[in-house]
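Subject: Structure handover

Hello,

Here is the structure you were waiting for, with the sequence alongside. My notes on it follow below.

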Amino acid sequence: MPTLATVLGHPRIGIARELKKSLEAYWGGATPAESLLATAQEIRTRHWSMMKEAGLDQIPCNDFSLYDHMLDMAVTVGAIPPRFRKIADPLNRYFAMARGVQDRGAGIDLSPLEMTKWFDTNYHYIVPELSADQAFVLDPARIAAELAEAQALGITPRPVLPGPVTFLKLSKFADDVPSGKDTLSLLPRLLPVYEELLALLSGHGVTCVQIDEPCLCFDLDPALEEAYRVALSQLGRAARRPSLLVAAYFGTIGDNLRLVTGSGCEALHLDLVRAPADLDAVLTALPAGMKLSLGVVDGRNVWRADLAEAHRMVRRAVTALGSERVMVATSCSLLHVPVDLDAEKRLDPELKSWMAFAAQKVAEVRLLADAAEQDEPQGAEFEQAGAALARRRTAATVTNPAVRRRAEQVTDAMTRRGASFGERSARQKLRFGLPLLPTTTIGSFPQSREVREARSKWRSGSLDGEGYQDFLRAEIRRCIEMQEKLGLDVLVHGEFERTDMVEYFGEQLEGFAFTQNGWVQSYGSRCVKPPVLYGDVSRPRQMTVQWSGYAQSLSKRPVKGMLTGPVTILQWSFVRNDQPRSETCRQIALALRDEVADLEQAGVAMIQVDEPAIREGLPLRRRDWGGYLDWAVGAFRLATAGVSDETQIHTHMCYSEFGDILPSIVAMDADVLSIESSRSRMEPLEHFRQHGYPNDVGPGIYDIHSPRIPTVEEMAALLELAARVLPVERLWVNPDCGLKTRGWPEIESSLANMVQAAAKLRSTY
Ligand code: GLN
Ligand code: ZN
């Protein structure tokens with residue numbers, strides 16, 4: 001049997017974001033459920049047909065989702081939290097779990113399930129919510145229907161299931177369950193439902209099922225290890241089941257390999273893009289009957305594969321195992337890349353020849369499988385790929401000698417502020433003369449329809465550059481006046497000139513390119529279009545100084561300059577794979593360092609450098625954390641430490657669980673750090689206290705993710721809680737995050753209440 005070609009999953013949103021549009025039309029009441037379901041089926045059919053035509057041997061099914069695959073699995077195993085059970089219609093119930101429902105008139109207010117980042121990606125999954133005595137019941141309706149659809153197209157579908165251990169590990173207990181209970185303790189109840197599902201799929205003619213277990217790439221504590229031992233061997237022993245492909249990805253499987261090789265499952269998938277060294281280990285450890293799926297085509301990035309290198313790996317595997325035991329695959333699901341590079345009409349043709357989206361990656365996988373028997377791969381495709389790679393390696397557009405020289409000359413001193421925080425803080429207090437508990441916001445103000453319209457008119461040419469600039473200046477003026485009227489102590493310009501906090505900087509820096517249709521799902525109907533960082537990064541001109549400088553000229557109060565940090569720009573872009581991420585990050589940091597210097601020069605005395613993505617970049621393995629945090633923190637410091645002691649550096653992170661990385665947050669040495677904390681009722685601050693976090697902190701007291709207007713009393717109460725944990729002199733008062741998704745009337749009321757809450761507390765000291 002020849003080597004098979006396959007992928008672990010396909011993007012769902014559609015080339016023209018059809019799913020997004022259809023979902024939003026349905027949610028908005030504009031179209032009935034039937035049209036949503038029809039669109040979803042069309043998308044699935046189109047993708048299956050594409051993969052079939054491209055010649056894939058095993059084609060994923062059940063990887064599609066109307067919202068999220070973890071939510072789908074929760075529904076499949078009957079993990080519906082009680083508050084949703086009274087919703088009879090399955091589709092309404094499903095979306096209620098994803099998004100919540102609020103109908104004040106009818107007195108209905110169901111909060112949605114939590115959402116959080118999927119491993120180290122920018123995709124958010126829905127966190128299944130389990131009760132203490134959770135029972136699981138199989139609901140196979142959706143899987144069975146999709147399977148039938150796929151089979152009707154004449155393909156060999158391979159259903160994809162989040163594996164039982166990863167499912168439980170990523171779930172949480174409902175708030176009323178006493179803490180200390182491990183979700184993995186529910187495994188004995190969950191496994192029979194998986195067995196039942198496998199038997200059912202087998203009955204429907206399925207020959208292979210993909211069990212996604214990315215948690216196999218974590219360091220396993222004893223409980224997790226035991227869960228894997230039990231789960232994999234129990235599924236391996238199941239009486240009536242298709243063959244099982246256990247998929248580990250996003251990192252190295254390392255020692256956890258033995259948990260799969262000893263399980264009786266028929267096949268193992270490894271991510272050889274992230275962990276190429278796993279190949280040797282697996283080739284010696286794989287038991288005789290087991291097949292190996294080689295994840296050699298990167299599912300996380302947009303670069304054309306190094307086919308020669310991938311082919312060498314395939315050859316090594318085929319030589320050791322025989323072609324019939326080898327499959328060629330993408331490293332992970334293609335969920336994380338855009339659909340089709342052919343849809344890009346404006347990319348520079350040379351750059352485009354270096355790239356591959358999902359459709360191109362499917363073709364690469366096929367090509368590699370076809371060449372598995374050849375010692376030297378033949379054919380035009382291999383030659384073209386090799387030539388493109390060679391051109392990319394030496395392209396003048398990629399390398400900028402001045403940037404390289406500068407990056408090499410970075411010294412330690414450049415990453416250190418002049419004085420210690422204590423001294424800086426004293427000088428800054430004198431300079432700014434702020435009251436106790438100074439009030440501020442995180443940066444953005446509403447991106448209203450007018451703002452978006454003006455930008456699109458300017459982009460399409462119906463508004464000229466000057467007209468657009470006038471418009472932005474008027475918005476900034478209005479925003480500054482409003483903040484002064486509200487009585488905020490430290491102002492912001494409002495970020496009206498930005499669609500997105502990464503795109504805005506990418507567009508102005510050298511080394512970035514932009515796609516027209518390069519959409520990737522972020523969560524539900526939300527998509528992002530990450531910039532493509534392909535070359536050395538430099539800053540040809542100032543990026544924000546004119547806006548921040550203008551804003552500062554309008555007010556006597558300090559106005560914060562506002563930049564996106566180097567790690568966040570890196571993390572939310574498709575970045576080059578021809579040099580370490582740390583190197584790319586350092587280049588971005590140097591470009592930002594110049595912008596920081598120019599802002600300071602222009603009289604902007606407080607500069608905020610947002611780093612909301614630092615935590616999500618953490619590698620899966622703890623032993624890699626130190627290395628990552630070192631360069632990530634180093635990049636932030638390189639970007640910010642060039643200023644005088646009197647200039648105040650702020651940073652912002654929109655989450656609240658810092659856990660073990662708090663020492664690195666300390667090491668960033670920002671003068672002021674704002675975080676999200678209103679929902680968690682200031683809990684994270686206790687951590688800050690225990691770790692002796694030394695600098696100023698602004699715990700968010702206004703939850704901007706909800707349209708609710710918080711009262712003076714509740715915000716004052718939160719501040720009081722905070723002041724009990726940290727010295728009041730080191731506290732700031734601010735919302736959880738930027739206000740760009742909110743409306744003007746509601747933020748006016750909320751911020752007025754926030755300022756009053758601060759005043760109320762001040763009067764008690
Ligand atoms: N300054 C940004 C804003 O206010 C920060 C956004 C973020 O943290 N994601 O929108
Ligand atoms: Zn934020």
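Glu676 is buried in this predicted model: 23 other C-beta atoms lie within 10 Å of its own, and the cut-off for calling a residue buried is 20 or more. Its place in the chain is the loop between strand β24 (672-675) and helix α25 (683-690). Not counting residues up to four places away in sequence, Glu676 touches Cys654, Tyr655, Ser656, Gly700, Asp736 and Cys737.

Two of those contacts, Cys654 and Cys737, turn up again in the UniProt record. An unreviewed entry there places the feature "binding site" at His652, Cys654, Glu676 and Cys737. These four positions span 86 residues in sequence, but no two of their C-alpha atoms are more than 8.7 Å apart, so they gather at one spot.

Cys737 sits in a loop as well, between α26 (712-725) and α27 (744-762). Cys737 is buried, since 26 other C-beta atoms lie within 10 Å. With its neighbours within four places in sequence left aside, Cys737 is in contact with Ile442, Cys654, Glu676, Gly700 and Ile704.

Ile442 also appears in the surroundings of ligand 1. There are 13 residues around this ligand, and those that come nearest are Ile442, Gly443, Ser444, Pro612 and Gly738. By type, the shell around ligand 1 divides into six nonpolar, four polar and three charged residues.

The other part I looked at is strand β14, residues 326-330. What is its state, covered or open? β14 is mostly covered, five of its five residues being buried.

β14 has two pairing partners among the strands I went through, β1 and β13:

- Strand β1 (residues 4-5) runs parallel to β14 and is joined to it by two bridges. Here Ala5 stands opposite Val328 of β14.
- Strand β13 (residues 291-297) pairs with β14 in the parallel sense as well, over five bridges. Here Gly295 stands opposite Ala329 of β14.

From β13 the chain crosses through helix α11 (residues 307-321) to reach β14, and this β-α-β crossover is right-handed.

If you open the model with one place in mind, start from the spot where His652, Cys654, Glu676 and Cys737 gather. Both Glu676 and Cys737 are buried there.

Regards

Notes:
Residues numbered from 1 in each chain as written. Chains lettered and ligands numbered in written order. Predicted model: local features only at pLDDT ≥ 70, side-chain atom pairs only at ≥ 80, totals over all residues. Buried ≥ 20, exposed ≤ 12 C-beta atoms within 10 Å, placed from the backbone. Helix = DSSP H or I, 4+ residues; strand = E, 2+ residues; numbered from the N terminus. Pairing = 2+ DSSP bridges. Right-handed = clockwise from strand over helix to strand, strands pointing away. Near = placed C-beta within 6 Å. Nonpolar A, V, L, I, M, F, W, Y, C, P; charged D, E, K, R; others polar. UniProt positions renumbered as here; feature names shortened; annotations may be inferred. Contact = placed C-beta atoms within 7 Å.
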